[in-house]
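I opened my notebook on a new model today and wanted to go through helix packing first, then empty space, then the backbone. Here is what I looked up, in order.

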Amino acid sequence: MKGPSAVSSRRKSGVTRLLWTLFGACLVATVIGYKPVVIVHGLFDSSGVFVEFLRFINQSHPGTNVSVIDLFDRSSSLQPLWKQVEGFKEAIYPIMQNAADGVHFICYSQGGLICRGILSTLPNHNVHSFISLSSPQAGQYGDTDYLKYLFPQFMKSNLFHFCYTGVGQRISICNYWKDPHHTDMYVNGSDYLALLNSERPNPNSTVWKKNFLRIKKLVLIGGPDDGVITPWQSSQFGFYNDNETVVEIKDQDLYLRDVFGLKTLNARGDLFLCSMAGVEHVKWHSNDTVFNTCIEKWLV
């Protein structure tokens with residue numbers, strides 16, 4: 001039978017080991033340190049739709065500082081994209097300033113185009129991974145439920161009459177509406193996407209390319225069952241030609257001429273495409289397979 005002093009000594013030893021274990025865990029967490037994550041929502045969305053997504057991040061990367069920017073929610077998301085870029089930029093920049101090792105962007109749907117605007121026009125950003133989640137990066141051209149809801153009197157074939165006007169460009173979706181049968185009108189009428197893609201004269205194109213290429217990784221996520229992004233390959237910079245045949249990213253003029261850096265990113269080994277079937281547009285941010293396959297490894 002052991003005396004009180006032996007029992008007390010053993011307890012102290014156990015507590016000491018526990019404290020050292022906890023200290024070690026805290027030290028490892030501090031040393032590894034996950035970069036903060038900034039999330040930008042899509043059309044008609046708000047921060048509330050990312051509850052499941054936040055759970056995925058917290059489970060796989062505990063302690064990660066995640067900011068879902070609560071701006072231009074719901075109907076306000078129809079405001080012009082340049083206005084949204086400035087608003088999101090003002091909210092996000094302080095987060096960047098407080099992150100010495102940089103941040104990650106996860107930008108969903110229309111939010112992916114807003115993030116491109118931020119990355120192109122912010123010269124000293126420190127975004128590491130730019131994860132574009134089912135975003136119409138090459139434009140939108142489809143008779144979707146969103147189109148029928150917003151423009152019940154139009155179809156995709158005649159929406160150009162409205163979108164490529166001064167009034168039309170006050171609505172976000174028209175900022176990236178790209179009619180492959182009226183390219184000249186798109187180039188001259190689009191105040192947003194045509195500028196980002198330097199498809200119309202842009203005196204800032206060289207600077208914007210340099211800014212965009214500050215990112216370390218570009219991850220483009222999409223899939224054939226999306227049902228909203230049309231064509232779905234637009235989420236990976238593919239788009240229709242004038243016969244409505246999809247031209248994939250590496251055959252696109254903006255890639256071949258390296259207009260804003262896609263070819264450079266690929267040459268660096270920093271361009272990644274992740275395609276997944278069976279995912280509807282509104283499910284991308286709540287699908288754990290999408291997160292585990294396409295996103296998790298980039299959030300370090």
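At what angle do the axes of helix H4 and helix H10 cross, and within what distance do they come? I am working on a predicted model here, so I read every value below as computed from that prediction.

**Entry 1: H4 and H10**

I looked up H4 (residues 110-121) and H10 (residues 205-212) and found their axes crossing at roughly 105 degrees and coming within 6 Å. Angles of 65 to 115 degrees count as roughly perpendicular, so H4 is roughly perpendicular to H10. Next I asked which residues meet. From H4 I noted Arg-116, Leu-119, Ser-120 and Thr-121, and from H10 Val-207, Trp-208, Asn-211 and Phe-212. Sorted by class, this contact of H4 with H10 holds four nonpolar residues, three polar ones and one charged.

**Entry 2: H3 and H4**

I stayed with H4 and turned to helix H3 (residues 81-97). The axes of H3 and H4 cross at roughly 70 degrees and come within 9 Å. H3 and H4 are therefore roughly perpendicular to each other. I also checked the hand: H3 passes H4 in a right-handed crossing. On the H3 side I listed Leu-81, Trp-82, Gln-84, Val-85, Phe-88, Lys-89 and Ile-92 as making the contact, and on the H4 side Gln-110, Leu-113, Ile-114, Gly-117, Ile-118 and Thr-121. The class count for the contact of H3 with H4 is eight nonpolar, four polar and one charged. Thr-121 was already in my notes, since it is among the H4 residues that meet H10.

**Entry 3: H2 and H13**

How far apart are the axes of H2 and H13? I read 10 Å, with a packing angle of about 50 degrees between H2 (residues 51-60) and H13 (residues 288-295). H2 and H13 are therefore oblique to each other. Their crossing is right-handed. H2 brings Phe-53, Phe-56, Ile-57 and Ser-60 to the contact, while H13 brings Asp-288, Phe-291 and Ile-295. I counted these by class as five nonpolar, one polar and one charged.

**Entry 4: the largest pocket**

Then I went looking for empty space. The largest pocket has a volume of about 320 Å³. I found 17 residues lining this pocket, and the closest to its centre are Lys-178, Thr-183, Glu-199, Gln-252 and Asp-253. Helix H8 (183-189), strand S6 (239-240) and helix H11 (253-256) are the elements that each give two or more residues to the lining. Which element gives the most? I noted H8, with three residues. By class, the pocket lining has seven nonpolar, four polar and six charged residues.

**Entry 5: the cavity**

I also searched for enclosed space and came away with one cavity of 30 Å³ or more. The largest cavity holds about 120 Å³ of space. Its lining is made of Leu-43, Ser-109, Gln-110, Pro-136, Gln-140, Thr-144, Tyr-146, Ile-173, Tyr-176, Val-228, Ile-229 and His-281. I sorted the cavity lining into seven nonpolar and five polar residues, with no charged ones. The charged count was the thing I wanted to set beside the pocket, where the lining has six charged residues. Gln-110 lines the cavity, and I had met Gln-110 in the contact of H3 with H4.

**Entry 6: backbone checks**

Which peptide bond is cis, with omega near -10 degrees? I noted the bond from Thr-230 to Pro-231. Pro-231 sits in the loop between strand S5 (217-222) and S6. My last stop was Phe-44, a residue other than glycine whose phi is positive, near 65 degrees. I placed Phe-44 in the loop between strand S1 (37-40) and H2.

Methods. Residues numbered from 1 in each chain as written. Predicted model: local features only at pLDDT ≥ 70, side-chain atom pairs only at ≥ 80, totals over all residues. Heavy atoms only, no water. Axes fitted to C-alpha atoms, helices over the stretch in contact; angles between N-to-C directions. Helix = DSSP H or I, 4+ residues; strand = E, 2+ residues; numbered from the N terminus. Parallel < 35°, antiparallel > 145°, perpendicular 65-115°, else oblique. Left-handed = near helix turned anticlockwise from the far one by under 90°. Contact = heavy atoms within 4.5 Å. Nonpolar A, V, L, I, M, F, W, Y, C, P; charged D, E, K, R; others polar. 1 Å grid on protein atoms, 1.4 Å probe; cavity = no way out; pocket = protein on both sides within 12 Å on 5 of 7 lines; lining within 4 Å. Points joined across faces, edges and corners; volume = space filled by probe spheres on them.
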